[in-house]
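Thanks for coming, everyone. I'd like to walk you through a structure this morning, so let's bring it up on the screen.

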Amino acid sequence: MSDLSFEAALDARVDEMVDACTRCGKCVEACPSVKPAGLADAMPKDVISGILDILRDGDGPEASQRWAQACTASGDCIRACDEGVNPRFLLAMARVSMAKAKNDLPARRRKALERYRDVGREVSFLSQIQLNDEVLARLGQKSASVNTTTEPPDFVFYTGCNVLKTPHIALLALDIMDTLGIGYQVMGGPSHCCGIVHMRPGDVEMSGRMGTNSIDKMSQSKSGQVISWCPSCYVQFTETTLPALERQRGARPFEMTPFLRFLEQRIDQLTPHLRERVPMRVALHRHPGVSGVMEAAIRLLNAIPGVTFVDLKQPALGLQAVYLNVLPEYKRELTLNELQAACDAGVDALVTVYHSEHRELCAHERDWPFRIVNLLELVGESMGLKQNDRYKELKLMQDADQIVADCADLLASHALDAAKARELVVKDMLADQPLPLRSG
Ligand code: SF4
Ligand code: SF4
């Protein structure tokens, strides 16, 4: 174990990548954000050179700053680089550098804390209006987030925070693992933060402390593996926190595997459980940021008897839908085009993978002649497993008073105030709609 601080370990990694970068510009050429960010005419070599300036002094050319801010974390740049550099990581660090140059540490810490509190409030409110204490405990919330058994689990299943807003997705993942006989302990939620919320505004040490603390809690499975749901947490851990920690401690505490890749690795074990026919023509809403996950999703869809997979041939970018918020007009255009393409193809359902697109897309079901379902709902249906998509049920109402009335029992059991709940339903659920619904 070295006495290197988290921030110094991160800086050392950045320095190595900056040294390895030949400024060839291939990462910029490959990036799907460049054109929608208005950088099509910028010289790729100049843009990446400017990123290296920003990493050094927190400042650089306008085009490079714009590229850093327009990154949706698709990862095409990583695949394009022949030098083993991770430009997505460098851009994340360039954004941190810009945040540091703009605000002093107390201001950055305040901003990070505010966002951390907001995330905690959104996650706990939206999960509580859908779940009772028993189900929250199954998802690692409440007292179950503390492991009371002495025996380490085979695997840790790390939910992250935001999937708890659409809990049926996480519950189906657990149901599927139960059916396959996989032993796990669930961890996640704001008490097991990955640190990304603190990293974005530039509070690096706090991000490291949060992430390291969560990593220490997760480092106790027999297999030495953590199965993760959320792509943002996955990238934060595997590209930032775990490599920095490895530099500090000389060893990596565990390997992390995205849930769908984990499931795909067990497809032979899964297939005999896919018993029920699910006769549907389906298209997939894709975000390719974590390599192999969309391919795993298509393989799983094709393994479900009765499912016909239709490729809509729409552009796919970003880590998950929320990452496209940096390009709002382009995001609206892509979403509308995809909904129209799904309609033209006559599909029965547009299938989401991650939680953020599920939240943003599900209410569009009101306006189009097909359903919005999550991939795990279809896998579950074929396995005879069902979890109600309560989030969609509520959001489809599009009426805060009706939603609050419908959740009255759970509001009472969690001692939540109805007037406050109404305000949060509008803010945390109904406003989470980047492409407005046609029906208003
Ligand atoms: S990060 Fe890789 S692809 Fe991008 S300029 Fe440097 S060497 Fe080239
Ligand atoms: S991660 Fe994607 S959006 Fe970000 S720079 Fe790389 S290619 Fe561009």
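Please keep in mind that this is a predicted model. Let me begin with a pair of strands: E3, residues 225-228, and E4, residues 255-258, run parallel to each other and are joined over four bridges. If you want a spot to zoom in on, look at Ser228, which sits opposite Pro258 in E4. What links the two strands? Helix H12, residues 231-249, joins E3 and E4 in a β-α-β unit, and that unit is right-handed.

Now over to the open sheet. It has four strands in the order E6-E5-E7-E8, with parallel pairing. Strand E6 (307-309) and strand E8 (371-374) are at the edges with a single partner strand each, so each has one side without a neighbour in the sheet. From one strand to the next, the twist averages 40°. Within this sheet, E5, residues 280-284, and E7, residues 349-352, are paired in the parallel sense over three bridges. One position to look for there is Leu284, whose bridge partner in E7 is Val351. Lying across E5, E6 and E7 is helix H15, residues 293-303, which runs at about 145° to E6.

Let's step back to the whole chain. The assignment splits the protein into domain 1 (6-102), domain 2 (105-265) and domain 3 (270-394). How far apart are the C-alpha centres of domain 1 and domain 2? They lie 27 Å from each other. Where these two domains meet, 14 residues of domain 1 are in contact with 15 residues of domain 2. On the domain 1 side, the elements giving two or more residues are helix H1 (6-20) and H6. That side is made up of nine nonpolar, one polar and four charged residues.

Keep H6 in mind as we turn to the ligands. Around ligand 2 there are 13 residues, and those that come nearest are Cys31, Cys71, Ser74, Cys77 and Arg88. Which helices supply at least two residues each to this shell? Helix H5 (76-80) and helix H6 (87-102) do, and H6 gives the most, with three residues. By class, the shell of ligand 2 holds seven nonpolar, four polar and two charged residues.

Ligand 1 also has 13 residues around it, with Cys21, Cys24, Cys27, Cys81 and Val85 coming nearest. Its shell divides into eight nonpolar, two polar and three charged residues.

That's my tour, and I'm happy to go back to any part of it.

Methods: Residues are numbered from 1 along each chain as its sequence is written. Chains are lettered from A and ligands numbered from 1 in the order in which they are written. This is a predicted model: local features need pLDDT of at least 70, side-chain atom pairs count only at pLDDT 80 or more; totals for chains, interfaces and linings use all residues. A residue is near a molecule or strand if its C-beta atom, placed from the backbone, lies within 6 Å of it. Ala, Val, Leu, Ile, Met, Phe, Trp, Tyr, Cys and Pro count as nonpolar, Asp, Glu, Lys and Arg as charged, and the others, Gly among them, as polar. Two strands pair if DSSP finds at least two bridges between them. A crossover is right-handed if, with the strands pointing away from the viewer, the path from the first strand over the helix to the second runs clockwise. Axes are lines fitted to C-alpha atoms, for helices over the stretch in contact, and angles run from 0 to 180 degrees between N-to-C directions. Two residues are in contact if their C-beta atoms, placed from the backbone, lie within 7 Å. Domain bounds come from an automatic or database domain assignment.
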